[in-house]
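Trainee: I'm new to this one, so could you walk me through a few spots?

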Amino acid sequence: MSAKPSRAPERATAEAAAPLDTTEDIRTGLSEESIRLAFLDNLFYLQGRTLEHASTNDKFKALAYTVRDRMLHRLVSTVNTYKRTDARTVCYLSAEYLPGPHLDNNLLHLGITDAARAAMTSLGQNLDELLAHEEEPGLGNGGLGRLAACFMDSLATLEIPAIGYGIRYEFGIFNQVIRDGWQHEATDTWLRYGSPWEVRRPNIAYDVGIGGRVEGYRDADGIERRRWLPHEIYRGVAIDTPILGHGVNNVNTLRLWSAEAREVFDFQAFNQGDHYGAVVRQVRSETISKVLYPNDEPELGKRLRLLQQFFFVTCSLQDMLRILAHNGRPADDFPEKFAVQLNDTHPAIAVAELMRLLVDDQRIEWADAWAITRRTFAYTNHTLLPEALETWPVPLFESVLPRHLEILYEINAHFLDEVRERFPNDSERVRRMSLVDESGPRFVRMANLACVGSHAINGVAALHTRLLGETVLRDFHELWPEKFQNKTNGVTPRRFMMLGNPELSALLTRVLGAGWARDLGQLRRLEAHAGDPAFQLEWRLMKRARKDALAAHVQRTSGLRLDPAGLFDVLAKRIHEYKRQHLKLLHVVTLYNRIKRDPTAPVQPRTFVFGGKAAPGYTMAKLIIKLASSIGDVINHDPDVAGRLQLVFLPNYSVKLAQWVYPAADLSEQISTAGKEASGTGNMKFALNGALTVGTLDGANAEIRDEVGADNFFLFGLTAEEVARTWTDGYDPRCVYEEDAELKQAVDAIGSGVFSPGDASLFRPLVHHLLYHDTYRVFADYRSYVDCQDEIDVAFADHERWTRMSILNVARMGYFSSDRTIREYCEHIWNVSPTPVKLER
């Protein structure tokens, strides 16, 4: 007779106290009892700890593994279903993902948050402490990565077969530390304790060639071919994270690539005394996936960034070919099996790489390979800034990817023939559309490559898409108008409403039922309650609870005590001059000056909340952070404005921190220069949590205003067309400054050292740029902005009016769910249908 398997001692005790329901497997069961026992087993057998001696990290991991077991059960069922149905699959190529913490999200999607909380409580543990312990994967810079994570959530929730491909950065976006008001960057060691969600797949690994040369040869049939002989070959190994849909069994995969050497250790070099040489290949190869977006100012930084982009693209495409072969389908079926989306220009090298794989490796004729490639890819553009459209110096590109440069030249030759045929005698157009910029030092234009190699091109807001066709991609729009589409961005309500705002979520569920989380269109039914005094009171209590929570968080982390009774005025996003945090700061100084000049001035009590990171090399953005901190230091300690004005800069803004901020905001600042923001998604997250928007007609703001109604949106500033005219008709910011007394007083206060005692010249570079250049038309919009803010003061003082506007904002924001965006991609670009998964036993 075989011995009975031993059990964790605490599990045995728990079973004795409450005998297990034998109908439920503790590794897959969803009851409180199963979760408690599985947690104790994982703590003992995977962490090697009893509850008495376990650290917070031990307990977090034990609970995470408990949840992951239930997800992997669904993952296996999903893989089997997708394989059996040979489902068409979306492959999302993105250099960034910002998923946020996984544990709370996965508990929510499995529907076991309450059961897990009860299980932890029964063991004397606090679920919230374990949730707070989780490190956030810093695999993105901001909106691009967060959008990719929202899309992965929606793809799984809508039961769409999908794989997200990217890079498993060992060190993610830097941690922002504010010292003496200045931003400092610290290493983001998100993997220092390991990640319990990852599943390493060492059997799924691919060679990645770098450099070398290309030679011609004749194959066995006498056909002339080209062969790439790389100088170095690295390996990309798959590390998977399961992505669960909400309320469904579908679990898709986020497959991130980690770089390794083909030979980890050179034993011969070691024996010869070359101890560094024995491991140099491993060190060099691991650099590829070491850090998110290395500083690409120096040549080595540019080279590494190009390596990163090619690295994850070739691994991903080789993986797709492997899946295709595993399903018994030829390479010609690639576009029937996969719809590949290029998330911005970072993965655009995929166009040349798929051609190389098809022509060189699969021996498919050029014309057929090109047809396959163009039917496979679609391209999402995320910028209207010409300088943000990625380019690579031709010598650098050739040194890293010599075969791809040959392929790119051939693509370009065929493409430019098409341009000349369509637009004869237009050499200037040919020059602009070429894949190679030859106006000076030669550069490869990655956006042009993405446009030429894709069957669809989309913008991410209606205004953005229109401006793409009129400005940066005008030539391509005139050549292929049928390729261009708009797919306005959206956000997942699961993280940014259900997790971030439990009070709002509970209120919505009570009034609307539970279905709203998967069908945000149901929010429209809130309109009937917008004028109900009793419902308005509930709404205000909900908002106050979230403001109290943020105030408590700020006091814990910074010691500053915020006043939740005042207006929480929030500007939280990446720090950039076009996003115009300095316009907001001019408004803050204007209010400060008004009160100092007249203590009885009618200024509504406000707390200004700033958050966001500046790129490490972006000097002006860092100076803006310093200015915000310095203004806060002055007004927070000035008794003349006590109880009326406060300013806090929240360091290290992240998905985790955003879940505190979005629900607490009364006013959402979306004040970028019109025509510069592609879409924005923070604007959507704030509005879905009941914040009113003050904004320009930029990005998705215009569509938000259309949806919520002009009466529920505070509009100011120049339009994109009016901004453009300031460049053609002339604009003198110095004249604006001289003619507006309040603007002049605010600018002079900043420039004269009022907010920088002991260093009057500290902020003069910022002031000088505004006075003599003002690239993003801050002064041009100042008066309109300040007057609009005065209207906001009046509206906020009327509690019933403000509450009604807040309710109507939420009620009319259903369009901005990422579920809607993904449905549109599926219907109009990807041609993909849902594949529901039945849980296998």
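Mentor: Sure, we'll look at a lysine and then at a strand. This is a predicted model, where local features need pLDDT of at least 70 and side-chain atom pairs count only at pLDDT 80 or more, while totals for chains, interfaces and linings use all residues. Residues are numbered from 1 along each chain as its sequence is written, and side-chain values use heavy atoms, with hydrogens and water left out.

Trainee: Which helix holds lysine 656?

Mentor: Helices here are DSSP runs of H or I with at least four residues, strands are E runs of at least two, and both are numbered from the N terminus. Lysine 656 falls within residues 655-664, and that helix is α25.

Trainee: How far apart in space are lysine 656 and glutamate 134, C-alpha to C-alpha?

Mentor: In sequence, 522 residues separate them. Still, lysine 656 touches Glu134, with contact meaning heavy atoms within 4.5 Å. The C-alpha to C-alpha distance is 9.7 Å.

Trainee: Are the residues of strand β20 buried or exposed?

Mentor: Buried means under 20% relative accessible area, exposed over 50%, and partly exposed in between, using a 1.4 Å probe and protein chains only. In β20 (residues 667-670), Leu667 and Glu669 sit on one side, Ser668 and Gln670 on the other, and all are buried.

Trainee: Which residue is the bridge partner of glutamate 669 in β21?

Mentor: Two strands pair if DSSP finds at least two bridges between them. β20 and β21 (residues 692-695) pair in the parallel sense over four bridges. Glutamate 669's partner in β21 is valine 694.

Methods: Lists of a residue's contacts leave out its neighbours within four places in sequence.
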